[in-house]
Amino acid sequence: MQKNLSENSEESELVFGHHTVVELLKSPTAGQRVNKVLVQKGLKSSHIGEVIELAKRSKLIVQEVPKNKLDDISNGGNHQGMAAYISPYQYAELDDIFKAAKAKNEDPFILILDKIEDPHNLGSILRTADAVGVHGIIVPKHRSTGLTSVVAKTSTGAVEHVPVVRVTNLVNTINDLKKQNIWIFGTAMEGNNYRTWNAKGAVALVIGNEGKGVSPLVQKQVDQTLSIPMVGHVQSLNASVATGVLLYQAFASRHS
């Protein structure tokens, strides 16, 4: 069975019941669409074991919760000790980004978001990405906001036009991009002034977490870093604002 609800202030869809959850986890898009699997704590059965095994195959988060939690979120439905939160929006595949660029006869222009947590930031970033012609956005599967109705509303429809790819490991994905001759740019305080950035060619821009910035492992994969000079008292910008500044520099250089 299925219902809409809010989890962690982000609207998701909940599916529950053995048949529904198992069929979902067997689908080819399970690893992309499923946000979390819930199983009843202390309940031992072959059905529970099957669900856990299928979830692990797709490297999904499995959380044990009390029966009353499942009763509550399913409104007393026949959950059979299992449920799953799924994204209400479909994620794209990495190849879809390259297809989008090829369709426009353009070099790939990719945005990589390293653990952006605020859905309003992601929505705003999607809106700007659509405006400047980004061919697709890559986000990590874990510790990052996904495609929710809050994101969709903030994006004012851009979520329908910019492919969003959700991956298990950003470092591995960046290495795959490099093998396809994508030049990776990131942000750092000591980076080159963003106004000198020539974004012509096949490029990807990495934007870091709102508080911690680009993670160290991802930073090591970056080919070149960029900085945004500031002369005020506050030495940081909101993630979506910083992204907008950098994307429009890229847009200007790619269309000059």
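In this predicted model, Val39 has Glu64 of strand S4 as its bridge partner, a contact that belongs to the parallel pairing of strand S3 (residues 34-40) with strand S4 (residues 62-65) over 4 bridges. Between these two strands the chain passes through helix H3 (residues 46-57), and the resulting β-α-β crossover is right-handed.

Helix H3 also carries one of the salt bridges, of which a search of the whole structure finds 5. Here Arg57 is joined to Glu53, with the closest N and O atoms 3.7 Å apart; because the two residues are 4 positions apart in helix H3, about one helical turn separates them. Arg57 is exposed, with a relative accessible area of 62%, whereas Glu53 is partly exposed at 41%.

Helix H4 (residues 67-73) holds a pair with a comparable spacing, since Lys67 and Asp71 both lie in this helix, 4 residues apart and about one turn of the helix from each other. Their side chains meet in a salt bridge with an N to O distance of 3.0 Å. Lys67 is partly exposed, with a relative accessible area of 44%, and Asp71 is likewise partly exposed, with a value of 26%.

A further salt bridge links Asp223 with Lys178, where the closest N and O atoms are 3.7 Å apart. Asp223 sits in the loop between helix H9 (216-219) and strand S11 (224-227), while Lys178 belongs to helix H8 (residues 170-179), so this pair ties together parts that are 45 residues apart in sequence. Asp223 is partly exposed, with a relative accessible area of 32%, and Lys178 is partly exposed too, with a relative accessible area of 27%.

Conventions: Residues are numbered from 1 along each chain as its sequence is written. This is a predicted model: local features need pLDDT of at least 70, side-chain atom pairs count only at pLDDT 80 or more; totals for chains, interfaces and linings use all residues. Side-chain values use heavy atoms; hydrogens and water are left out. Two strands pair if DSSP finds at least two bridges between them. A crossover is right-handed if, with the strands pointing away from the viewer, the path from the first strand over the helix to the second runs clockwise. A salt bridge is a side-chain nitrogen of Lys or Arg within 4 Å of a carboxyl oxygen of Asp or Glu. Buried means under 20% relative accessible area, exposed over 50%, partly exposed in between (1.4 Å probe, protein chains only).
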